[in-house]
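Open the model in a viewer and keep the sequence panel visible. The stops below go one selection at a time.

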Amino acid sequence: MGEVGRNGTFRRLVDEHYAQLYRYAYRLCGRADVAADLTQETFARAQAQFSQLRDLGRSKSWLFAILRNVYLQQLRVERRQRDVPLELVDLEVARDEETNADEIEPHQLQEALNELPEVFRTPLILFYFEEFSYRDIADQMNIPIGTVMSRLARAKSFLRKRLTRTPRPDDELCR
Amino acid sequence: MNCQTIRLLLPYLTRQNELGAEDWRAIDNHLATCDTCRALVEDERAFDRAIGQAMHTVTIPVNLREAINRRLEQEPSRNWRFRVPPWAAVAATFLLIALLTWRWYATRPLIDPTQWAEWEDQQFVLTYNGSRDSVIEFFQSRGLKTFVPADFDYTLLTRLDVIDIEGTPVATLAFQKGDHRAKVYVIPRRHFRVPNLPVSPATGSHCTVELVEVSRDYVLLIVYFGEANRQFFFIPGMIG
């Protein structure tokens, strides 16, 4: 593929994915300005590395993985990570703005996401938001698929406790 | 399938394609007969829908795409992979290999007969008209400040050299008188561990090795061949 063709293909990737990437970035960092910067930086890096992308069908996963790397690098540089230890996730649930399960406010969701450690936040966002498979998430995060499933279950449990008024009706086994 | 298993699988039951057909059949059969588990699964799905809906509610800045395109146009230098054709990468690789090969070839020590003749001339003159001063001058010309013993007869000198022992330059002098030969290494103490002296000479099949203390900073390691000993090579009248 020539340069013009490659540029054209890359511009199509931008058109197809910039909105999804921005949403992902926003849910990761919780700030519109930072999310816009992350999205731009992701495409800049992707353009520089575009020749390394062998399968255009994997471009979405590839772009999402780049964005996460950019985000993690920024976190490391800024030393702003406020994650709570994993074992405390179940303990630090505040319920001051509880709602029903069918009326979750986006800003409340973001507040809850911000409280989650990145290793839980990322699979959760990918799972709900862009509907990646467990295998896709595992590949992007470079962790076993079992770890993805376990983190998803714990993160969902955290969100449920943090955001909904009624706990899941599973307090007792039916049989 | 029982209630316990359903509860374990609950977080994953909202994705149809993450479980096999066989598993889904068993799950559906159980849900058809268990109201509690069915309520759990429906609640889980409602929760997922609500989270998914809220997750998607993100307003995209109106000028984001333009901003991205502007940024991409401003960074052509990071786009070098687009502009380097494959043949140029291959040519650059060959050029690099050629440069490394040339460098390896050019930096090997050169065997130059002219330099060699000059070196042998110097050795000849030094040893033909040998004196302690000319030996000191020789080692200084090689950048080596060393001890040169005063009691050797330098008219018996046959060879001077600087050799490398474990990274340290060491002055060596060779003497010959008739069939008797000796080789002297001037050992700087600060670079080597030397046993407490005196020590008995060590004898090999064809030589004897002796350590002689000559100053606070140096010892002489003298190798005698055949029946030779130190007295053979001393200045007449200085044998003590």
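**Chain B as a whole**

Select chain B: 31% of its 240 residues count as buried. This is a predicted model. Colour the chain by secondary structure, and eight helices and six strands appear. Followed from the N terminus, the order of elements is α-α-α-α-α-α-α-α-β-β-β-β-β-β. If you draw a contact map of chain B, take the contacts with a separation of 6 or more: 46% of them are between residues 24 or more positions apart.

**Helix α4 of chain B**

Next, select residues 64-74 of chain B, which form helix α4. Which residues of α4(B) are buried? They are B:Leu64, B:Ala67, B:Ile68, B:Arg71 and B:Leu72. Turn the view to look down the axis of α4(B): these buried residues fall within an arc of 135 degrees, so they line one face of the helix. The general rule behind such a pattern is that an α-helix has 3.6 residues a turn, so residues three or four places apart point the same way. Now show B:Glu73 and B:Gln74, which are exposed on the face of α4(B) turned away from the buried side.

**Helix α8 of chain B**

Move on to residues 132-141 of chain B, helix α8. Its buried residues are B:Ser134, B:Val135, B:Phe138 and B:Phe139. Seen down the axis of α8(B), they too fall within an arc of 135 degrees and so line one face of the helix. What do the buried residues of α8(B) pack against? Add α7 (113-128), β1 (157-165) and β2 (168-177) of chain B to the display, as these are the partners. On the other side of α8(B), select B:Asp133, B:Glu137, B:Gln140 and B:Ser141, which are exposed. After α8(B) comes B:Gly143, with a positive phi near 75 degrees.

**A helix pair in chain A**

Finally, switch to chain A and select helix α2 (residues 32-48) together with helix α3 (residues 59-78). Their axes come within 9 Å and cross at roughly 120 degrees, and α2(A) and α3(A) are therefore oblique to each other. The crossing of α2(A) and α3(A) is right-handed. To see the contact, show side chains on both helices. From α2(A), the residues that meet α3(A) are A:Val34, A:Leu38, A:Thr39, A:Glu41, A:Thr42, A:Phe43, A:Arg45 and A:Ala46. Those they meet in α3(A) are A:Trp62, A:Leu63, A:Ile66, A:Leu67, A:Val70, A:Tyr71, A:Gln73 and A:Gln74. Coloured by class, the contact of α2(A) with α3(A) shows 10 nonpolar, four polar and two charged residues.

Note on methods: Residues numbered from 1 in each chain as written. Chains lettered and ligands numbered in written order. Predicted model: local features only at pLDDT ≥ 70, side-chain atom pairs only at ≥ 80, totals over all residues. Heavy atoms only, no water. Axes fitted to C-alpha atoms, helices over the stretch in contact; angles between N-to-C directions. Helix = DSSP H or I, 4+ residues; strand = E, 2+ residues; numbered from the N terminus. Parallel < 35°, antiparallel > 145°, perpendicular 65-115°, else oblique. Left-handed = near helix turned anticlockwise from the far one by under 90°. Contact = heavy atoms within 4.5 Å. Nonpolar A, V, L, I, M, F, W, Y, C, P; charged D, E, K, R; others polar. Buried < 20%, exposed > 50% of the residue type's maximum accessible area, 1.4 Å probe, protein only. Arc of directions from axis to C-beta.
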